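Here is a friendly walk through one protein chain, written for someone who thinks at the bench. Please take a look at the sequence and the fold before reading on.

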Amino acid sequence: MPPTITAFANSPDRGRGQARDMRVRWALEEVGQPYDVRLVSFEDMKAPAHLALHPFGQIPTYEDGGLTLFESGAIVLHIAERHAGLLPLEANARSRAITWMFAALSTLEPPIVELGMAMLFERDKSWYAERLPMLQDRVRVRLGELSRRIGDADWLEGAFSAGDLMMVTVLRRLNASGLLDEYPDIAAYVARGEARPAFRRAFEVQLAVFTAASKDSQDRSAP
């Protein structure tokens with residue numbers, strides 16, 4: 001039986017591939033591992049059955065035989081360790097690729113998510129105009145550091161790895177902010193990730209879920 005992951009039945013990102021199941025879909029596509037998807041609603045995510053899989057009531061989860069995992073980084077690492085293609089064979093290179101996975105989640109993602117949440121939910125607040133530049137500058141600091149590391153390289157550590165997969169998915173959360181335009185090398189790096197056939201397959205599958213959910217909603221609301 002193929003592994004089963006969970007994903008939003010109707011993603012709040014409107015099919016842009018920024019929900020965290022996209023990371024797991026992409027990893028599975030990169031290694032050629034078939035998988036099943038169980039779609040869950042926001043109500044389902046807080047129900048006991050899902051909380052038994054993910055104690056924080058989020059997505060994605062991963063089930064394979066007797067193993068259940070949550071947290072996208074842990075799931076991608078599990079996939080990468082068990083299938084060729086996402087981690088180098090040489091021990092030191094392998095450790096560096098894993099380090100970049102942690103850097104994406106621990107160093108880059110927190111200020112990016114904080115900025116995104118402010119842009120989505122705080123625009124009507126009195127402090128928004130004053131706070132926004134501060135949040136943007138925090139992200140710029142990290143982008144500048146990353147830009148200096150990437151330089152003119154295609155990927156972070158030689159060949160494409162799970163570190164790049166995780167970093168690209170994190171950086172894509174900035175697409176609506178305009179900040180990537182200030183760093184052409186990082187924008188090109190993200191574009192290289194998005195051009196990978198495995199990414200395109202994963203993106204199209206998750207977009208189809210949102211498109212179908214939107215059509216179903218429109219059909220139900222039609223007179």
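The report below goes from the interior of this predicted model to its surface and its charged pairs.

## The main nonpolar core

Let's begin inside. In soluble globular proteins, nonpolar side chains tend to be buried together. In this model, the largest nonpolar core has 56 residues, and the members that touch the most others are Met167, Leu171, Ile186 and Tyr189. At least two residues of this core come from each of α1 (21-31), α4 (72-82), α5, α6, α7, α8 and α9 (197-221). Helix α5 gives the largest share, eleven residues.

Leu171 is a good place to zoom in. Setting aside neighbours within four places in sequence, its contacts are Leu108, Ile112, Leu143, Leu146, Leu180, Ile186, Tyr189 and Val190. There is also a second, separate core of five residues, with Phe8, Val40, Met45 and Ile59 among them.

## Helix α1, an enclosed helix

Helix α1 is worth a look for its burial. Eleven of its eleven residues are buried, so the helix is largely enclosed by the rest of the structure. Charged residues are on that buried list too: Asp21, Arg23, Arg25, Glu29 and Glu30 appear there beside residues such as Met22, Val24, Trp26 and Leu28. After the helix comes Gly32, with a positive phi near 75°.

## Helix α6 and its partners

Helix α6 covers residues 128-150, 23 residues in total. From first C-alpha to last it reaches 32 Å, close to the 33 Å expected at 1.5 Å a residue. Its buried residues include Tyr128, Leu132, Leu135, Val139, Leu143 and Leu146, and also Gln136, Gly144 and Ser147.

What do the buried residues of α6 pack against? Their partners are α5, α7 (162-171) and α8 (184-195). Just after α6, Gly151 has a positive phi of about 55°.

## Where the chain's two ends of the numbering meet

Ala213 is part of helix α9, and it is buried, at 17% relative accessible area. Not counting residues up to four places away in sequence, Ala213 touches Ala9 and Asn10. Ala213 and Asn10 are 203 residues apart in sequence, yet their C-alpha atoms are 5.9 Å apart in space.

Ala9 sits in the loop between β1 (4-8) and α1. Is Ala9 buried, partly exposed or exposed? Its relative accessible area is 26%, so Ala9 is partly exposed, as the buried class stops under 20%. Beyond its sequence neighbours within four places, Ala9 is in contact with Leu39, Val40, Ser41, Val209 and Ala213. Ala9 and Val170, which are 161 residues apart in sequence, have C-alpha atoms 21 Å apart.

## Charged pairs

Side chains of opposite charge can pair when their charged atoms come close. Counting nitrogens of Lys or Arg within 4 Å of a carboxyl oxygen of Asp or Glu, the model has 18 salt bridges. One of them joins Glu63 to Arg38, with the closest N and O atoms 2.7 Å apart. Glu63 is in strand β3 (residues 61-64) and Arg38 in strand β2 (residues 36-40), so this pair ties together parts 25 residues apart in sequence. Glu63 is partly exposed at 23% relative accessible area, and Arg38 is partly exposed at 34%.

Another salt bridge brings together the side chains of Glu157 and Arg96, at 3.2 Å from N to O. This pair links distant parts of the chain, 61 residues apart: Glu157 is in the loop between α6 and α7, and Arg96 is in helix α5. Glu157 counts as partly exposed at 22%, as does Arg96 at 39%. Arg82 and Glu81 also form a salt bridge, 3.6 Å from N to O; Arg82 is exposed at 53%, whereas Glu81 is partly exposed at 41%. In addition, a network of salt bridges links Glu114, Glu122, Arg131 and Arg138.

## A nonpolar patch outside

To finish, a look at the surface. Met117, Leu120 and Phe121 form a nonpolar patch there, with about 350 Å² of accessible area together. Leu120 belongs to helix α5 (residues 91-121), and Leu120 is exposed, with a relative accessible area of 63%.

Methods. Residues numbered from 1 in each chain as written. Predicted model: local features only at pLDDT ≥ 70, side-chain atom pairs only at ≥ 80, totals over all residues. Heavy atoms only, no water. Patch = residues over 30% accessible without salt bridge, like charges linked within 9 Å, V, L, I, M, F, W, Y side chains within 5 Å. Areas by Shrake-Rupley, 256 points an atom, 1.4 Å probe, with all protein chains shown as cover. Helix = DSSP H or I, 4+ residues; strand = E, 2+ residues; numbered from the N terminus. Buried < 20%, exposed > 50% of the residue type's maximum accessible area, 1.4 Å probe, protein only. Expected span 1.5 Å × (residues − 1). Contact = heavy atoms within 4.5 Å. Core = buried A, V, L, I, M, F, W, Y, C linked by side-chain atoms within 4.5 Å.
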